[in-house]
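Here is a short tour to follow with your viewer open. Keep the selection tool at hand, and we will go from stop to stop together.

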Amino acid sequence: MILHKAKFHTAIGHLYYLWTGTGNDPEVIFLGTGSKSLDNHLKQIMAVSGRAEAETGGSFTVSEKKSPLIEKKLIAYFKGAIKDTGLKTLFMAGSRFERRVWDAARKIPFGETSSYGLIAAAAGSPWAGRAAGNALGKNPVMIIIPCHRVIKSDGSCGGFSAGPDLKKKLLELEGISYTT
């Protein structure tokens, strides 16, 4: 499997992404704000897949290659031209619970929010609000899985792996009000 990694500048700063597939049908594996985060996710994938490679004989190749479609859709989102990038994701790391949390967060509509407790309940673990927050902190594809739309039940912003300032920018981009 060939994995491509790239960096590009957006209205919110540099974004780094990892993807596979074709130019017309990419699958995003990682989308975040730091090259170190991308490299750490890649190491995590290699560690998880190393066991599978030993069993199947498969391997990964990593190359530097941009996806014009991924960048075009993200730029359109930041300009407010689209509400959903429609980009496919491929999770190559993450526990079952984390994936359930990410799937629940994916369903939060543009311009709306949910709480950590409601996301935990939607993921099948209503008592695990804090664990849902931890899972969202590991979201490998920010914006595509809109974890920035998850706020505290009191209406305050809550945490965000890329920092509170970026979370506030993303919420404001979508016209979402929150308390500080």
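How does the lining of the second largest pocket divide by class into nonpolar, polar and charged residues? Before selecting anything, please keep in mind that this is a predicted model.

**Stop 1: the second largest pocket**

Select Asp84, Arg106, Ile144, Pro146 and Arg149, the residues nearest the centre of the second largest pocket among the 15 that line it. The volume here is about 220 Å³. As for the opening question, the lining holds eight nonpolar, two polar and five charged residues.

**Stop 2: the largest pocket**

Now move to the largest pocket, with a volume of about 360 Å³. To find its centre, pick Phe30, Gly137, Lys138, Asn139 and Pro140, the closest to that point of the 20 lining residues. Next, colour by secondary structure: β3, α1 (35–56) and α3 each bring at least two residues to this lining. The biggest share comes from α1, with four residues. Colouring by class instead, you will find seven nonpolar, 11 polar and two charged residues around the largest pocket.

**Stop 3: the nonpolar cores**

Hide the pockets and turn to the interior. In soluble globular proteins, nonpolar side chains tend to be buried together. In this model, the largest nonpolar core contains 38 residues, and Leu31, Leu74 and Ile143 have the most contacts inside it. Several elements each contribute at least two residues to this core: β1, β2 (13–22), β3 (25–32), α2 (68–78), α3 (96–106), α4 (116–122), α5 (129–137) and α6 (164–173). Of the elements, α3 gives the most, with five residues. A second core, separate from the 38-residue one, has 10 residues. Select Phe30, Ile45, Met92 and Ala93 to see some of its members. You have met Phe30 already, as one of the residues closest to the centre of the largest pocket.

**Stop 4: Leu31**

Centre the view on Leu31, in strand β3. Is Leu31 buried or exposed? Its relative accessibility is 2%, so Leu31 counts as buried. Show its contacts beyond four places in sequence: Leu15, Tyr16, Tyr17, Leu74, Pro140, Val141, Met142, Ile143 and Ile144. For a distance label, try the C-alpha atoms of Leu31 and Ala6: these residues are 25 apart along the chain, and the atoms are separated by 9.7 Å.

**Stop 5: Ile143**

From Leu31, step across to its contact Ile143, which sits in the loop between α5 and β7 (150–151). Check the backbone here: phi of Ile143 is near 75 degrees, a positive value in a residue other than glycine. Ile143 has a relative accessible area of 6% and is therefore buried. Leaving out residues up to four places away in sequence, Ile143 touches Ile12, Leu15, Leu31, Leu74, Tyr77, Phe78, His148 and Leu170.

**Stop 6: Glu174**

Keep Tyr77 on screen and add Glu174, in the segment after α6. Which side chain makes a polar contact of 2.5 Å with that of Glu174? The partner is Tyr77, one of the residues Ile143 touches. A polar atom of the Glu174 side chain also lies 3.0 Å from the backbone nitrogen of Gly111. With a relative accessible area of 6%, Glu174 is below the 20% cut-off, so this residue is buried. Beyond four places in sequence, Glu174 contacts Tyr77, Phe110, Gly111, His148 and Arg149. Of these, Arg149 takes you back to Stop 1, where it lies among the residues nearest the centre of the second largest pocket.

**Stop 7: His4**

Select strand β1 (residues 2–10) and pick out His4. At 8% relative accessibility, His4 counts as buried. Draw a line from its side chain to that of Ser63 to see a polar contact of 2.8 Å. Ignoring neighbours within four places, His4 is in contact with Tyr17, Leu18, Trp19, Thr20, Gly21, Ser63 and Lys65.

**Stop 8: Thr61**

Finish in strand β4 (residues 61–64), at Thr61. Thr61 is partly exposed, with a relative accessible area of 45%. Outside the four-place window in sequence, Thr61 touches Met1, Ile2 and Leu3. For a last label, join the C-alpha atoms of Thr61 and Leu3: the separation is 6.0 Å in space and 58 residues in sequence.

Definitions and conventions:
Residues are numbered from 1 along each chain as its sequence is written. This is a predicted model: local features need pLDDT of at least 70, side-chain atom pairs count only at pLDDT 80 or more; totals for chains, interfaces and linings use all residues. Side-chain values use heavy atoms; hydrogens and water are left out. Buried means under 20% relative accessible area, exposed over 50%, partly exposed in between (1.4 Å probe, protein chains only). A polar contact is a pair of N or O atoms within 3.5 Å; within protein, one must be able to donate a hydrogen and the other to accept it, and residues adjacent in sequence count only if both atoms are side-chain atoms. Contact means heavy atoms within 4.5 Å. A nonpolar core is a set of buried Ala, Val, Leu, Ile, Met, Phe, Trp, Tyr and Cys residues joined through side-chain atoms within 4.5 Å. On a 1 Å grid over the protein atoms alone, a cavity is a set of points where a 1.4 Å probe fits but cannot get out, and a pocket is an open set with protein on both sides within 12 Å along at least five of seven lines; lining residues have an atom within 4 Å of a point. Grid points are joined across faces, edges and corners, and a volume is the space filled by probe spheres set on the points. Ala, Val, Leu, Ile, Met, Phe, Trp, Tyr, Cys and Pro count as nonpolar, Asp, Glu, Lys and Arg as charged, and the others, Gly among them, as polar.
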